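This briefing covers a ligand site and two sheets. Please have the structure open while reading.

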Amino acid sequence: MPTSQLIYPAGGSKVTIQNGRMAVPDNPILGYVEGDGIGPDIMRASLRIWDAAVDKAYKGKRKIHWMELYLGEKAMKKYDGDIFPEETRNALKDLVISIKGPLTTPVGGGFRSLNVSLRQDLDLYACVRPVKYYPGVPSPLRHPELVDIVLFRENTEDVYAGIEYASGSPEMRKLEKFLKEEMKAKFFDDSGLGVKPISPFGTKRLVRKAIRYAIDNNRESVTFVHKGNIMKFTEGAFRNWAYEVAREEFGDYTITEEELYSKYNGKQPEGKIVVKDRIADIMFQLMLLRPDEFDVIATPNLNGDYLSDAIAAEVGGVGIAPGANISDNVAVFEATHGTAPKYANQDKVNPGSLLFSGVNMLEYMGWQEAAELINLAYCSVLKKKVVTYDFARQMEGATEVSTSGFATAIIEQMDQELDLLSKTQQRGDALKAGGRKAREARRVADPQSAMLESGRTPYTVDAIMSSSIVAVQPTMTVEQALQVMSKNNISSVLVQPDSKGKWGIVTKRDVMTKIIQANRSPAEVKVADVATSPLKTVSPETSLHQCVDMMTTQKIRRVVVEKGGVPIGIVSDTDIFRTVEKFGWTPDRR
Ligand code: NAP
């Protein structure tokens, strides 16, 4: 058993978690893992920049005490061939916040990817990827400055759960037999088989983190990105559980997009965050065409994998995109690229990805001033076209510098940015507020076009149901019920449960068929006598497709949306026609 390789630095105090909230002292001990390949080069440069920013922003009042931890090739040397020592794992938990360079995944059997092991062993369930534009970075978009999102990708389940069986293996044969014979599933013989688990637990803890982040950082919206139109019980369930968290745990802070239009006429109430959802494939298009409509995103693992790289590419940032893997009590910030072994120890590559992961780490700690100082200095250095080789080859007239040279340029620039620090913060806030106002003005002036352009496509009943329902006593007369309908401008009333506990419904059409046609007096007949009961109900998550199926096969013109045994809305065939008229109709592609 190797002896301890770790030295807790004197003078530092640990970051702690108290009552679920993180407490960061002014002299925190933070862990860092150098990483393999180009890791040492970019870590050395970044540590210099982070330390200088903290020193300059807080004039010596705050200081990070770094503690080196070992993973990968360096760990192998120190811990008798162990690339993932238990001591490191424990220290990552103990220190709460750490940052790591890229790690080599040894090729060949017997090794789990170190990054995957780290996520699983520490249960780092949220992969957080902020993506915004830095002026000067080469980008393929005309308006990359409109991109400013923070993506929360679920990190532990979905097709990444590792439940996969090779074609022809005994395990695959067993599962194939079960699926075909017992579940009557249809698929080609000899298929490799994978399982995609998505749970309420995994979804809810991720979404909780995303909404909490949006509240704490005064963001405008949280978008749930899913493929629920095809994978109803995994991706569709993700969407439903996500809305459940918003409604049940953050009801005071959130409104749905539906409510934004129907209740608030497109004006976002102060202090409320809009929760909405988009189908994953449309989201790729929207992030190119209307990126400013999106803010915080929460999505299952595979969507998040694709989407985060695609969005990073929009701002030219795959090489500088930051990332973090976070659980409730541990956060590991990291460079998102690999070890680029061909450039190892050449002092050549761009430290941007690791550097900005550190910027996010500073923000996570609440040290915004130091983070902003790095952002400002970075933008100024980039403006002067002082860059590493990867950007130099895409820019005309660039001055190419080494990794360490780039760090020096940023640190030297910081002194000139100190005055600007608070001003740019204010300017940034003002710009954001301006963007919000412009979007709101569009929604208020022409809600129909705003909805369509923002990619909103309702496909479950809760998105189109009318929630202005009125329930009356069973003893009320039909005449009184008609008055209630006309006063509320509705064409049906719900009837409170009878002695058997069943709800009913009376529609204007019932008045024609069950009163006038039957030659009865509306002033004498009680609603309970003409109500249809039990109700034809659907759950809020029922797809429009399923709802229409039910209406046509059962020959009914409206269904009641019910949750927990209580009616919460009504969907009529008119609502369906109006939806198709407004939004068009895309058949499910199966
Ligand atoms: P990679 O290390 O990301 O390198 C691919 C290419 O990306 C490089 O050749 C270089 O492009 C560019 N690049 C990467 N980092 C750069 C930087 N800091 N500055 C400028 N350019 C940069 O991907 P890979 O070659 O596929 O993977 C190598 C190893 O890294 C593998 O063992 C892999 O498992 C591991 N990996 C680790 C992580 C992680 O620890 N998070 C992530 C991904 C991969 P040019 O050649 O065009 O200059």
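The points below take the ligand site first and then the two sheets.

The model is predicted. A shell of 21 residues surrounds the ligand. Further along the chain are two open sheets of 3 strands, one ordered β19-β20-β21 and the other β22-β23-β24.

**Ligand surroundings**

- Among the 21 residues that surround the ligand, the closest are Gly-338, Ala-340, Lys-342, Tyr-343 and Tyr-389.
- Sorted by class, the shell around the ligand consists of 9 nonpolar, 8 polar and 4 charged residues.

**Polar contacts of the ligand**

- Asn-115 places a polar side-chain atom 3.0 Å from an oxygen atom of the ligand.
- At Thr-339 a polar backbone atom is involved, and it lies 3.0 Å from an oxygen atom of the ligand.
- Asn-350 also contributes a polar backbone atom, here 2.8 Å from a nitrogen atom of the ligand.
- The ligand taken alone exposes 880 Å², and the protein buries 66% of that area.

**Sheet β19-β20-β21**

- This open sheet has 3 strands, and their pairing is mixed.
- β19 (471-472) and β21 (504-507) are the edge strands, each pairing on one side only.
- Strand β20 (residues 492-495) and β21 run antiparallel and are joined by 4 bridges.
- Within this part of the sheet, Val-495 stands opposite Gly-504 in β21.
- Helix α17 (residues 478-488) packs on the sheet and touches β19, β20 and β21. The direction of α17 makes about 125 degrees with that of β20.

**Sheet β22-β23-β24**

- Here too 3 strands form an open sheet with mixed pairing, in the order β22-β23-β24.
- β22 (537-538) and β24 (566-572) stand at the edges with a single partner strand each, so each has one side without a neighbour in the sheet.
- Between β22 and strand β23 (residues 558-563) the pairing is in the parallel sense, over 2 bridges.
- Thr-537 stands opposite Val-560 in β23.
- Helix α20 (residues 544-553) packs on the sheet, with β22, β23 and β24 as the strands it touches. Relative to the direction of β23, that of α20 makes an angle of about 130 degrees.

Definitions and conventions. Residues are numbered from 1 along each chain as its sequence is written. This is a predicted model: local features need pLDDT of at least 70, side-chain atom pairs count only at pLDDT 80 or more; totals for chains, interfaces and linings use all residues. Side-chain values use heavy atoms; hydrogens and water are left out. A residue is near a molecule or strand if one of its heavy atoms lies within 4 Å of it. A polar contact is a pair of N or O atoms within 3.5 Å; within protein, one must be able to donate a hydrogen and the other to accept it, and residues adjacent in sequence count only if both atoms are side-chain atoms. Accessible areas come from the Shrake-Rupley method with a 1.4 Å probe; for residues, only the protein chains shown count as cover. Ala, Val, Leu, Ile, Met, Phe, Trp, Tyr, Cys and Pro count as nonpolar, Asp, Glu, Lys and Arg as charged, and the others, Gly among them, as polar. Two strands pair if DSSP finds at least two bridges between them. Contact means heavy atoms within 4.5 Å. Axes are lines fitted to C-alpha atoms, for helices over the stretch in contact, and angles run from 0 to 180 degrees between N-to-C directions.
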